[in-house]
Amino acid sequence: MGHHEKSSQSPSTTDVDVDVAESQTYSTPKKWLTKISALGVEVRGIMPVPVEERTDKRFINVFFVWFTMSMNLLPIITGMVGTLSFGISLRDCSLLILFFSLACTIPAGYFSTFGSRTGLRQMLHARYTFGADWKKSYYLISVIVALNLCTIAGFGVIDCVLGGSMLSAVSSGKVDDTVGIVVIALIAMVVCFGGYRALHQYERYSWIFALLAIVIATGVGGKELVNQAETAPASAATIVGYGGVIAGFLIPWAAMAADFSVYCDPSVTTLRIFAYTYAGLFFPTVPLMVLGAAIGGATPNIPSWSEGYDNYSVGGVLQAMLLSAGGFGRFVAVLLSLSVVGNLAAAMYSISLNFQLLIPFFVRVPRFIFSIVYTAVAIPVAITAAKSFFDSLENFIYLIAYWSAAFVAVVAVEHFVFRKADCASYNVAHWDQPSKLPTGIAAIGAMGLSFGLAVPCMSQVWYTGPLAETTGDIGFEVALALAAILYLPLRWLELKFRAV
């Protein structure tokens, strides 16, 4: 993945500012869009970014986007699941987190390179595997877009609930979760509303406050982490099951990875974008998951932590850890609650782009409108989730995230086997010409058939398949391997009848 790998474009020699590039979107000029663009808001939607407009050479921003997206409460609560819910020891949990993360971060790292090399957003890039047109009955990309929307939107709701519950914990319940949820959602919407440049600017610096808050919280309450609850040796099924949770947290990022690098100058090497994405996702996620595992293992033995978790989830535990710091501890807890904004804003950005691919008409609706729509929907859903079905929602998100393993497998086989890793084979001019794109039948067929075996291998709170009762949750692994194997003959047949 360096200079030798094929690229679709040569470096641009035209110096075009990202702000200007973001303003060149709709063929029909509208005064209000022009005014909004003049304020620095990105009005370009899902359409490909031409090579002459991909001039952003601040490649390090790709690292900061992923670093900030991962520097928050989400990895902590995912780590807590290992010790608190699965009953795995801290040592075993830490090893699982390390090795599963090493592998499961690769898809997002590599898919991120499609943005700078093709100018295609991630779900638009998927059209070159899944097809495009609804009217001609192979609008199959909408199935993938809908699944991606459900996954990202669900994680966004979890962000809102975690941030809101943390703010409520800071006030000892005097401020309702609702207020915190509204505050978190609105801040994220403002960042997302600005678009690519605003998001990159925010993510470049906001991680500093989140990191300081997490370090302080660990320093203040860390002495209690040695009080780990006694655990029985974990079975192979339990270990594999928690590995599936880690995979379910990391692999879905691949379905939005290219969204954050589409304005990068194509002169950047594939290795560099891969490394920035991989490092930005891996290095905060692993330590925070391990910290979460340590907190989860100690929580049953510390009454104040246990009470905080029962009342306010992970936010309550962290607030309990900071109690001895008094007013300063409350201030740090507020910073912790705001750490989810970076993740939520990036999720909103991808959601606003995904909506434009869901139904053909939606491409005419400006991207930033969908950020407002999602916020209006997410707030009441998060408020309800915080009061009743948050645990069920979290389980549901991990359940539906299985699709991403099959998605990654199919897109990877298409890219490496059928397109020979040559990004020039993605003719950007064909993005909205269905007759020049695959039908998507092979891709959807491979994914659908793979779930015939993957479903019996799934193990979640809502459902445990017959095979999973013996093997543990290997649904991700089965979906990943089987979808790749099935796509090979199905795509070969598809090319026999339709050579695109």
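## Phe396 and the nonpolar patch

Phe396 sits in helix α18, which covers residues 367–400 of this predicted model. Its relative accessibility is 31%, so Phe396 is classed as partly exposed, given that this class lies between the buried limit of 20% and the exposed limit of 50%.

Phe396 also helps to form a nonpolar patch on the surface, together with Val455, Val461, Trp462 and Tyr463. The patch comes to about 460 Å².

## Two buried residues of helix α15

Let's turn to helix α15, which runs over residues 303–321 and includes Gln319. Gln319 has a relative accessible area of 6%, and is therefore buried, the cut-off being under 20%. With neighbours within four places in sequence set aside, the contacts of Gln319 are Met166, Ala169, Val170, Arg330 and Ala333.

Gly315 belongs to helix α15 as well. Its relative accessibility is 0%, so Gly315 counts as buried. Not counting residues up to four places away in sequence, Gly315 touches Met166 and Ala169, and both of these are also among the contacts of Gln319. Ala333, another contact of Gln319, is 18 residues from Gly315 along the chain, and the C-alpha atoms of Gly315 and Ala333 are 8.1 Å apart.

## Helix α13: length and burial

Helix α13 takes in residues 236–250, and here is a quick check of its geometry. Its 15 residues should span 21 Å at 1.5 Å a residue, and the C-alpha atoms at its ends are indeed 21 Å apart, so the two values agree.

Which residues of α13 are buried? They are Gly241, Tyr242, Gly243, Gly244, Val245, Ile246, Ala247, Gly248, Phe249 and Leu250.

Conventions. Residues are numbered from 1 along each chain as its sequence is written. This is a predicted model: local features need pLDDT of at least 70, side-chain atom pairs count only at pLDDT 80 or more; totals for chains, interfaces and linings use all residues. Side-chain values use heavy atoms; hydrogens and water are left out. Patches are made of residues with over 30% relative accessible area and no salt bridge: like charges are joined within 9 Å, nonpolar side chains (Val, Leu, Ile, Met, Phe, Trp, Tyr) within 5 Å. Accessible areas come from the Shrake-Rupley method with a 1.4 Å probe; for residues, only the protein chains shown count as cover. A salt bridge is a side-chain nitrogen of Lys or Arg within 4 Å of a carboxyl oxygen of Asp or Glu. Helices (H or I, at least four residues) and strands (E, at least two) are DSSP runs, numbered from the N terminus. Buried means under 20% relative accessible area, exposed over 50%, partly exposed in between (1.4 Å probe, protein chains only). Contact means heavy atoms within 4.5 Å. The expected span of a helix is 1.5 Å times one less than its number of residues.
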